[in-house]
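Q: Please take a close look at one part of this model, the place where two of its helices cross, and then set that part beside whatever else can be said about the chain.

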Amino acid sequence: MDTSATYTLEECMNHIGLGKFQWRLFSILGFGTMADAAEVLLLTILGPALQCYWPYITDIRIAALTTCVFSGTLCGGFILGTIADKYGRRRVIVSSAIIVSLSGMLTAFSPSYNYVLLTAFFVGLGMGGLNQK
């Protein structure tokens, strides 16, 4: 008769519990998800604001802005996901947070619509990297 004790995964997780590392990780990834949601929300505000500032912006150009953000997210998820697999998730998440922050600030100082599209793509690129969980 085998008397060695075996644990199921659920029993092991209950025994270990949630420590400082897990709470820190939940916080970091939670803030990344919150930033992603805020970016999508800000897209709805940015469109009409750009139309007031630059009257030549049409609804199609506003749709192009949204397309740039989500295209960047697609490319970022693919490229930064591959990099995260090779070099580690921590580096990619920190780099992505820096990319999002810098690109977001550069969007505020955009001199033209095309520059807004470019910075929106890079914001999306960083957002794709933040989702490497």
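A: The model is a predicted one, and the part chosen here is the crossing of helix α3, residues 59–87, with helix α5, residues 113–130. The axes of α3 and α5 come within 6 Å and cross at roughly 35°, and the crossing in which α3 passes α5 is right-handed. Sorted by class, the residues in the contact of α3 with α5 are 14 nonpolar, 8 polar and 1 charged.

Helix α3, which runs over residues 59–87, also contains Asp85, whose side chain meets that of Arg89 in a salt bridge with an N to O distance of 2.8 Å. The count of salt bridges comes to 1. As for the surroundings of the two partners, Asp85 counts as exposed because its relative accessibility of 59% is over 50%, whereas Arg89, with a relative accessible area of 34%, is partly exposed.

The annotation from the record can be laid over this picture. In an unreviewed UniProt entry, "transmembrane region" is the label given to residues 25–50, 62–80 and 92–109. For residues 25–50, the model shows a span that is 100% helix and 0% strand, with its end C-alpha atoms 36 Å apart. Residues 92–109 form a span that is 94% helix and 0% strand, and there the end C-alpha atoms lie 26 Å apart.

Notes
Residues numbered from 1 in each chain as written. Predicted model: local features only at pLDDT ≥ 70, side-chain atom pairs only at ≥ 80, totals over all residues. Heavy atoms only, no water. Salt bridge = Lys/Arg side-chain N within 4 Å of Asp/Glu carboxyl O. Buried < 20%, exposed > 50% of the residue type's maximum accessible area, 1.4 Å probe, protein only. Axes fitted to C-alpha atoms, helices over the stretch in contact; angles between N-to-C directions. Helix = DSSP H or I, 4+ residues; strand = E, 2+ residues; numbered from the N terminus. Left-handed = near helix turned anticlockwise from the far one by under 90°. Nonpolar A, V, L, I, M, F, W, Y, C, P; charged D, E, K, R; others polar. UniProt positions renumbered as here; feature names shortened; annotations may be inferred.
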